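I opened a fresh page in my notebook today. Here is what I looked up, in the order in which I looked.

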Amino acid sequence: MSTTADQAPATEHIDRVIIRFAGDSGDGMQLTGDRFTSASALLGNDLVTLPEYPAEIRAPAGTVAGVSAFQVHISDHDITTHGDTPDVLVAMNPAALLSEVGKLEPGASLIVNIDAFDERNLTKAGYDHNPLEGDDLLAFTVFEVPMTSLTRQACEPLGVKPRDAERSKNFFALGLISWMYTRPEQPTLDWIATKFASKPQVRDANVAAFNAGHAFGETAELFGHRYAVDPAPQAPGEYTSVNGNTATAWGLIAASQLVKLPLFLGSYPITPASDILHELSKHKNFGVRTLQAEDEIAGIGAALGAAYGGHLGITTTSGPGVALKSETLGLAISLELPLVIIDVQRGGPSTGLPTKTEQADLLLAMFGRHGESPLPIVAAFSPAQCFHAAIEAVRLAVTYRTPVFLLTDGYLANGSEPWLIPDVDDLPDIPVAFLTEPNATAADGSPMLLPYQRDPETLARPWIIPGTPGLEHRIGGIEKAEGTGNISYDPENHEHMTRVRAAKVAGIADDIPAAEVTGDVDDAELLVVGWGSTWGAINGGVDRCRARGRKVAHVHITHLNPFPANLGEIVRRYPKVAVPEMNLGQLTLLLRAEYLVDARPISKVKGLPFTAGELEAAFLEVLDD
Amino acid sequence: MTDTAVPETTRKDWSSDQEPRWCPGCGDYTILAAVQSLMPNLGVRREETVFVSGIGCAARFPYYMDTYGVHTIHGRAPAIATGLAVARPDLDVWVVGGDGDMLSIGGNHLLHALRRNVDLTILMFNNQIYGLTKGQYSPTSEVGKVTKSTPFGSLDHPFNPISLAIGAEATFVARTHDMDRNHMQDVLTRAHAHEGAAFVEIYQNCNVFNDGAFAQITAKTNRSSMLIPLEHGEPIRFGEENERGVVMGPDSALRIVDVSDVGEDALLVHDETDAGLAFQLSRLSHGPTEPTAIGVFRSIERDDYGSGVSRQVAAAGEQKGPGDLRALLHSGATWTVD
């Protein structure tokens with residue numbers, strides 16, 4: 001944090017701050033973090049968030065297993081990560097303190113709800129002593145605030161029962177932090193009024209708690225001064241704050257308009273992908289049909305059935321769901337029908353870490369089917385960019401009549417960032433047409449249909465939907481003869497079709513943007529190759545290395561299959577290549593196989609995103625090796 | 001899709017140029033012939049008809065119909081057909097599969113297509129055996145069945161497909177067999193006319209791996225004494241001289257009796273809207289050695305799933321107006337940077 005001295009003494013201007021809210025999973029920490037984020041977004045700060053919550057619906061209250069946390073990084077300049085270590089930790093109980101305090105660097109501020117530090121809660125958290133007494137927290141500035149009792153008092157005049165009042169203590173914390181960081185109060189008060197309009201007592205209790213927290217900051221004289229984080233310089237225009245799942249859903253709706261086909265989503269609920277299903281289900285007035293299927297297989301099956309019928313077929317899931325869907329993906333590859341499968345990756349294998357992020361499904365997307373069954377893979381790299389990635393996945397699917405993977409992950413799905421809302425008129429037009437007339441001539445001169453006759457440029461077959469007179473035909477998962485699509489066991493034909501399907505996907509390399517190198521493009525000692533949500537942390541790590549005078553370049557891949565046509569030339573250009581991934585080296589493996597380069601993996605598989613600091617250290621290690 | 005009259009067709013118009021490849025003598029040929037000759041009577045267009053199948057001998061069916069068709073993957077036809085029917089309510093969607101396809105690997109999808117009441121005509125060919133994988137026992141095989149995978153006899157208790165369909169909330173449930181084209185066509189005509197999911201079990205002979213499985217009840221000489229035809233509103237009776245019938249005993253269980261013993265008035269009258277009765281009738285026998293009910297067990301009206309989906313989409317459009325992408329993108333809290 002840097003400070004500028006020439007401001008009013010009561011308010012210190014800082015360029016950025018990282019605040020982490022932590023409490024029991026029933027304490028409303030995600031909501032608190034979310035509201036603080038919204039108020040900051042309205043102020044014009046740049047921001048990145050990291051929500052973290054347990055997979056259990058409700059772990060035992062007061063235990064470390066039940067701790068829910070929300071971290072937000074706000075700044076007056078462009079940032080790309082949720083921040084390395086929190087400057088401020090708000091701990092609502094001993095379990096939250098125990099679970100989170102290790103993430104703090106010396107000098108950080110701690111705001112604790114002292115009311116929760118009783119014998120019972122300390123024991124439940126696993127403390128054999130009270131950390132607020134003694135030397136445990138000497139490295140930090142600790143603010144002890146009786147949040148529960150003050151909230152109770154604030155709500156008392158409203159006639160709210162004490163136990164009900166206590167549930168508003170998260171708004172007390174929010175009021176206090178809003179005062180400390182000079183956030184505008186009105187947006188939060190407006191939000192409370194709207195959200196709890198039908199529950200006046202809850203509304204009034206939350207308002208009272210928020211105001212009490214704010215007033216406490218002003219009057220308690222605990223805090224030396226307030227902080228202000230000024231708006232970040234941003235391109236002019238209208239902004240909103242979106243998380244990756246919402247952006248993905250909106251991208252799909254946009255794509256449905258661009259291709260002029262109704263959207264059909266077949267999906268089975270799974271964390272962290274379910275919110276895409278929820279969001280799309282709200283927008284039926286866009287002609288969106290959503291089917292919550294009986295299982296993952298039915299989800300993709302219904303989407304494929306809809307695609308066969310001429311709708312834009314989409315299925316959303318996370319890793320374990322992909323495993324179940326793979327057989328249907330094989331069928332879609334054989335039928336050569338457009339379909340988009342969205343994998344919001346999480347920690348695996350098996351149930352793994354359902355609420356935690358990982359990037360370990362790349363090879364699953366690439367190879368997770370039987371037989372030779374290539375399909376295009378697109379990866380989103382930031383929450384807001386999920387919007388454009390979804391449109392791109394749809395474009396490839398309908399243009400090439402193929403299933404397409406869109407990979408996002410838990411970090412993108414739940415994290416949010418400010419987004420300069422695009423002008424709808426600037427979105428790409430995606431032309432798609434169904435075949436309506438026979439496309440060939442028989443030996444006797446009569447018109448005939450060849451369902452597998454290919455467009456010479458894209459190698460795509462025509463999209464022929466039922467209801468079209470004269471084009472009745474049968475397709476299926478058995479190998480088909482080129483052209484007619486009739487069943488064929490002919491050995492030559494199978495090899496031909498296998499090679500054509502592969503060539504169709506490989507040819508997409510000419511239809512996607514070239515990879516772009518940033519940083520020290522001409523003279524880098526190290527090229528960092530990334531994909532997906534590591535984008536922000538890599539940017540941060542590369543910038544920090546360059547600030548130290550090291551020469552580093554960065555290329556971030558949005559198309560994982562096929563790779564951009566110029567990628568081989570890029571990865572061979574630099575003396576060293578490092579690949580940070582939240583897996584054990586999956587892209588590394590592909591780069592080595594494809595380009596015979598000595599790419600080195602930088603792995604992190606903790607269910608947590610990289611921080612810029614970690615990558616800075618890792619890059620320096622590679623540079624100095 | 002068009003308003004003009006449906007053109008007249010013949011069986012030939014519904015036959016594709018692909019040669020059926022089933023074992024000589026397979027019951028599938030007779031079902032195919034019955035369906036192909038039925039289609040001209042249904043008042044439908046070839047281009048608006050789609051046959052969707054899974055995997056198995058029966059699942060080759062779509063290739064032989066000159067309509068639209070998709071041969072999909074094992075057990076998943078009901079799921080894929082659901083997506084098609086919901087997206088395209090204008091189409092006439094048929095699903096064809098066998099007892100292995102629909103009750104084993106695809107059991108879950110069948111149940112859910114039935115309970116949702118997706119507008120599908122589902123034909124399940126039941127030969128109580130796996131044909132395409134060459135002779136393993138199926139979910140409808142009798143206990144003790146000796147096959148390659150059960151040399152000491154199968155221990156699995158079989159499904160009763162009709163009971164299963166009724167339990168899954170199916171709105172139309174019927175049974176017919178491959179030895180009586182007229183009966184099959186009558187049942188299929190009604191199944192096709194039904195709005196919602198129509199489930200038809202067709203007893204079908206596999207002359208290679210389970211030959212004569214149903215001969216005891218479907219052979220011409222045995223039919224009158226072994227098949228109990230169900231007619232809505234009619235007393236349930238059968239036999240050469242209609243001398244036998246079904247009554248409900250004082251314990252509420254169904255029994256087969258001689259009409260002369262109980263009198264005609266005591267006979268149970270079939271009511272297709274009575275789920276309990278339909279279920280009890282399905283329990284009269286598991287076939288194929290005892291008198292077995294055939295015909296329409298259950299037929300009730302319930303809103304079909306695709307219509308519900310379409311109505312919701314239309315209602316959302318009326319309530320909120322057609323989707324405005326610009327408005328959607330600006331629908332959250334927004335702020336302006338100058």
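I began with a definition: buried means under 20% relative accessible area, exposed means over 50%, and partly exposed lies in between, with a 1.4 Å probe and protein chains only. I keep in mind that this is a predicted model, where local features need pLDDT of at least 70, side-chain atom pairs count only at pLDDT 80 or more, and totals for chains, interfaces and linings use all residues. Residues are numbered from 1 along each chain as its sequence is written, chains are lettered from A and ligands numbered from 1 in the order in which they are written, and side-chain values use heavy atoms, with hydrogens and water left out.

**Entry 1: chain A as a whole**

I looked up the secondary structure of chain A and found 20 helices and 26 strands. Helices (H or I, at least four residues) and strands (E, at least two) are DSSP runs, numbered from the N terminus. The C-alpha atoms of chain A fill a box of roughly 95 × 60 × 50 Å along the principal axes. Chain A has a radius of gyration of 27 Å, which agrees with the value near 25 Å for a compact globule of 625 residues. That radius is taken over C-alpha atoms, and the globule rule is 2.2 Å times the number of residues to the power 0.38. I also noted that 62% of the 625 residues of chain A count as buried.

**Entry 2: a sheet across two chains**

Next I traced an open sheet of 9 strands with mixed pairing, in the order β20(A)-β2(B)-β1(B)-β3(B)-β4(B)-β6(B)-β5(B)-β11(B)-β7(B). Two strands pair if DSSP finds at least two bridges between them. Which strands are at the edges? They are β20 (474–476) of chain A and β7 (227–230) of chain B, and each pairs on one side only. From one strand to the next, the twist averages 20 degrees.

Helix α12 (residues 319–335) of chain A packs on this sheet and touches β20 of chain A and β2 (68–71) of chain B. Contact means heavy atoms within 4.5 Å. The direction of α12 makes about 140 degrees with that of β20(A). For such angles, axes are lines fitted to C-alpha atoms, for helices over the stretch in contact, and angles run from 0 to 180 degrees between N-to-C directions.

Within chain B, I saw that β4 (residues 120–126) and β6 (residues 198–203) run parallel and are joined by 6 bridges. F125(B) stands opposite I202(B) in β6(B).

**Entry 3: salt bridges**

How many salt bridges does the structure hold? I noted 45 over all chains. A salt bridge is a side-chain nitrogen of Lys or Arg within 4 Å of a carboxyl oxygen of Asp or Glu.

One of them joins E327(A) and R76(B), with the closest N and O atoms 3.8 Å apart. This pair crosses between chains, from helix α12 of chain A to the loop between β2 and α3 (77–87) of chain B. E327(A) counts as partly exposed at 33% relative accessibility, whereas R76(B) counts as buried at 10%.

Another joins R326(B) and D423(A), at 3.3 Å between the closest N and O atoms. R326(B) lies in helix α13 (residues 325–329) of chain B and D423(A) in the loop between β17 (416–420) and β18 (440–441) of chain A, so this pair joins two chains. R326(B) is partly exposed at 39%, and D423(A) is partly exposed at 35%.
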